[in-house]
Amino acid sequence: MQMDLPCILIPAYKPDHKMIDLVEKLQAAKFDRIVVIDDGSGPDFAAVFAKAGEMGCEILVHSINMGKGRAMKTGLNFCLVNGLAGSGVITADADGQHTPDDIQKIAAAMALHNESLVLGVRRFTGNVPLKSRLGNKITRFFFSMIHGEDVRDTQTGLRGLPKAHIPLFLSLPGERYEYEMNMLLAVRPHEIGLVQIPIDTVYIEGNRSSHFNVLRDSVRIYRLLVKFVASSLIATAVDYLLFFLMNVTFPGQLIYSVVVARSVSSFLNFMINRNLVFQKRNTGKCAIIRYYALALLVMLSSYGLIKLFTQVLGINLYVAKVIADSLLYLVSFVVQREFVYRR
């Protein structure tokens, strides 16, 4: 039985003959649904889009350049509304970096994993521009550490989007290149499968058109950790405020002040982390038990590390506490991400 091939979506800004070559080869490979987005390329490039239209592509036009993210959303919405999505949509770049053979690999993987996000990941071997090699290594390392997903190519534009998750992808923020990163960040909170398919690494003119921005993409990746830190700071502020109020209201009752303050602040920290940081609202009551078990373990570990640093290594008490709490903070982050808020 012939495989139901996904629709091909090509967001394009000032394309040349390479896009026409790609369309010809895709049609020869039986991809008969191709949607091209003219993202405000202007009249100088009208002939290229006209040629693609004559070849049978659906051409959607932005009057001004609105960014790759918006172009992808325009195309995805068009595919859903007009029944073109079929089994899903494959996004490919217009500059010749994605070969028809690799696009076919993505289609085959989508047929086997029909509810997973399929990524075409480059190998980054051989004559790879330093910007691309360095950018991928940085984002891959920190993305894996913070978000718990080893995405071998966070910047790839070759993606297979299952039809079931296109409404979610349409709702994500981002109008320009950050949209592709936001799509990856949505995978874990929404428990979407992730399949990575090796593809050829093709660079045109030294990859001058690469969209990686070290500062911008790093901010996207670190956002989860920043929210985790903010949650802890809020809980600490509440803890100190309640402790002060309890001491003023019930002087001499130190144990009650500590218990009430810590009980309220820790529960607040749990709720913020569950609902806003890790976005796991459906974890159930067991998550509370796991959270407080972790809190107890962290407290005991902190005590043990401080004793080790001060009595064995001779480190100053206050310095030892900072070191111990910093190490355990990262451990707590990973354990909450992987264990506490798991369904």
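A disulfide is a pair of cysteine sulfur atoms within 2.5 Å. Keep in mind that this is a predicted model, where local features need pLDDT of at least 70, side-chain atom pairs count only at pLDDT 80 or more, and totals for chains, interfaces and linings use all residues. Residues are numbered from 1 along each chain as its sequence is written, and side-chain values use heavy atoms, with hydrogens and water left out.

**Exercise 1.** Work out why Cys 79 and Cys 57 form no disulfide with Cys 7.

*Solution.* Start with Cys 79: its closest cysteine sulfur is in Cys 7, 3.6 Å away, so that's too far for a bond. Next, Cys 57: the closest cysteine sulfur is again in Cys 7, at 9.6 Å, also too far. The count for the structure is 0 disulfides.

**Exercise 2.** Decide whether Cys 57 and Cys 79 are buried or exposed.

*Solution.* Grab the cut-offs: buried is under 20% relative accessible area, exposed is over 50%, and partly exposed lies in between (1.4 Å probe, protein chains only). Cys 57 has 8%, so it's buried. Cys 79 has 0%, so it's buried too.

**Exercise 3.** Place His 98 and find what it touches.

*Solution.* First, find the loop between strand 4 (88-91) and helix 4 (100-112); His 98 sits there. (Helices, H or I with at least four residues, and strands, E with at least two, are DSSP runs numbered from the N terminus.) Then check burial: His 98 has 8% relative accessibility, so it counts as buried. Finally, look for contacts, meaning heavy atoms within 4.5 Å. Not counting residues up to four places away in sequence, His 98 touches several residues, including Leu 22, Ile 103 and Ile 199.
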